[in-house]
Amino acid sequence: LRSPGLVGEVVAIGGHLPPSHVPQELTEHAVTHVLFGTQDRVMSSAVSRRQVEHLRSLGFLIDADAFPGQGHGLSPKMRRVAVRRVRAGLRAQAAE
């Protein structure tokens with residue numbers, strides 16, 4: 001989120017931002033895609049959802065995909081979605 005000049009898009013998988021890193025105002029930022037499992041016992045999906053909603057409320061370009069029944073880890077379906085997001089971002093950047 002903090003280095004848009006270096007990173008055009010971010011795919012965050014199964015995690016959340018530490019409270020000290022959660023922005024409180026809109027800043028220049030990379031487009032962010034969050035992927036998480038609804039049954040993750042390491043990184044709470046409720047925390048991930050709250051952080052996504054908070055960032056959206058500030059105006060950040062962020063989307064989220066919740067994977068029902070998925071725990072902590074990268075399932076084949078999550079991997080396919082992550083690759084799709086990266087490819088779409090690369091195509092958009094190439095078109096600019």
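**Reading the sheet and helix α2 in a predicted model**

Me: What makes β1 and β2 partners in this predicted model?

Reply: β1 and β2 pair in the parallel sense over five bridges, and since two strands pair when at least two bridges are found between them, the five bridges satisfy that requirement. One of the positions concerned is V10, whose bridge partner in β2 is T32.

Me: How do you know that β2 also pairs with β3?

Reply: The reasoning is again a matter of bridges: strand β2, residues 31-37, is joined to β3 over six bridges in the parallel sense, where at least two are needed for pairing. Among the residues involved, V34 has A64 as its bridge partner in β3, and G37 has F67.

Me: Why is the sheet called open, and what is its strand order?

Reply: The three strands are arranged in the order β1-β2-β3 with parallel pairing, as an open sheet. β1 (9-13) and β3 (62-67) stand at the edges with a single partner strand each, so one side of each has no neighbour in the sheet. From one strand to the next, the twist averages 15 degrees.

Me: Why is β2 described as largely enclosed?

Reply: Six of the seven residues of β2 are buried, and therefore the strand is largely enclosed by the rest of the structure. Helix α1 (residues 45-58) lies across β2 and β3 and runs at about 160 degrees to β3, while helix α2 (residues 76-95) packs on the sheet, touching β1, β2 and β3, with its direction at about 175 degrees to that of β1.

Me: Which residues make up the largest nonpolar core, and which elements give two or more residues to it?

Reply: That core consists of six residues, namely V34, F36, V52, L55, F60 and I62, and the elements contributing two or more of them are β2 and α1. A second, separate core has five residues, among them L35, F67, M78 and A82.

Me: How do you know that the span of α2 agrees with its number of residues?

Reply: At 1.5 Å a residue, the 20 residues of α2 should span 28 Å, and because its end C-alpha atoms are 29 Å apart, the two values agree.

Me: What makes the buried residues of α2 line one face of the helix?

Reply: The residues in question are M78, V81, A82 and G89; seen down the axis of α2, they fall within an arc of 100 degrees, and so they line one face. These buried residues pack against β1, β2 and β3, whereas the face turned away from them carries the exposed residues P76, R84, R87, L90, R91, A94 and A95.

Me: Why does R85 count as partly exposed?

Reply: R85, which belongs to helix α2, has 25% relative accessibility, and because partly exposed covers values between 20% and 50%, R85 falls in that class. Not counting residues up to four places away in sequence, R85 touches E9, V11, H33, D63 and D65. R85 and V11 are 74 residues apart in sequence, yet their C-alpha atoms are 7.5 Å apart in space.

Me: Why is Q70 called buried, and what is it in contact with?

Reply: Q70 lies in the loop between β3 and α2, and its relative accessibility is 17%; as buried means under 20%, Q70 counts as buried. Leaving aside neighbours within four places in sequence, Q70 is in contact with G37, T38, Q39, D40, S75 and M78.

Note on methods
Residues numbered from 1 in each chain as written. Predicted model: local features only at pLDDT ≥ 70, side-chain atom pairs only at ≥ 80, totals over all residues. Heavy atoms only, no water. Helix = DSSP H or I, 4+ residues; strand = E, 2+ residues; numbered from the N terminus. Axes fitted to C-alpha atoms, helices over the stretch in contact; angles between N-to-C directions. Contact = heavy atoms within 4.5 Å. Core = buried A, V, L, I, M, F, W, Y, C linked by side-chain atoms within 4.5 Å. Buried < 20%, exposed > 50% of the residue type's maximum accessible area, 1.4 Å probe, protein only. Expected span 1.5 Å × (residues − 1). Arc of directions from axis to C-beta.
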